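Colleague: I would like a close look at one part of this model, the nonpolar patch on its surface. Please say what forms the patch and how it sits within the rest of the protein.

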Amino acid sequence: MTSGTVTRSDKVALVDLLDRLLATGAVITGEVTLSIAGVDLVYISLRALVASAGTVGVRQA
């Protein structure tokens with residue numbers, strides 16, 4: 001896996017995936033709307049940053 005891409009024949013351990021995710025970081029976003037009879041009652045917008053503390057510190061500097 002020297003090219004940085006994963007093919008179908010490559011097996012990647014969960015630890016390797018978590019290491020790559022924490023090294024680069026990811027933003028997860030989502031929206032939830034609760035409505036009854038076409039009337040929106042509750043709207044929730046979510047954003048989560050998943051990264052290691054070292055990665056966040058490097059990106060801000």
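Modeller: Helices and strands are taken here as DSSP runs, at least four residues long for helices and at least two for strands, numbered from the N terminus. On that basis the order of elements along the sequence is α-β-β-α, that is, two helices and two strands. The model is a predicted one.

The patch consists of Val32, Leu34, Ile36, Val39, Leu41, Val42, Ile44 and Leu46, which together have about 710 Å² of accessible area. Both strands take part: strand 1 (26-36) and strand 2 (39-50) each give at least two residues to the patch. Strand 2 has the largest share, with five residues.

Leu41 can serve as a single case from the list. This leucine lies in strand 2 and is one of the patch residues. Its relative accessible area is 52%, and because exposed means over 50%, Leu41 counts as exposed.

As for the rest of the protein, 2% of its 61 residues count as buried. The accessible surface of the whole protein is about 5400 Å², and carbon and sulfur atoms account for 60% of that area. Turning to contacts, take those between residues at least 6 apart in sequence: 27% of them join residues at least 24 apart.

In short, the patch is a surface feature of nonpolar residues, with contributions from strand 1 and strand 2.

Methods:
Residues are numbered from 1 along each chain as its sequence is written. This is a predicted model: local features need pLDDT of at least 70, side-chain atom pairs count only at pLDDT 80 or more; totals for chains, interfaces and linings use all residues. Side-chain values use heavy atoms; hydrogens and water are left out. Buried means under 20% relative accessible area, exposed over 50%, partly exposed in between (1.4 Å probe, protein chains only). Contact means heavy atoms within 4.5 Å. Accessible areas come from the Shrake-Rupley method with a 1.4 Å probe; for residues, only the protein chains shown count as cover. Patches are made of residues with over 30% relative accessible area and no salt bridge: like charges are joined within 9 Å, nonpolar side chains (Val, Leu, Ile, Met, Phe, Trp, Tyr) within 5 Å. A salt bridge is a side-chain nitrogen of Lys or Arg within 4 Å of a carboxyl oxygen of Asp or Glu.
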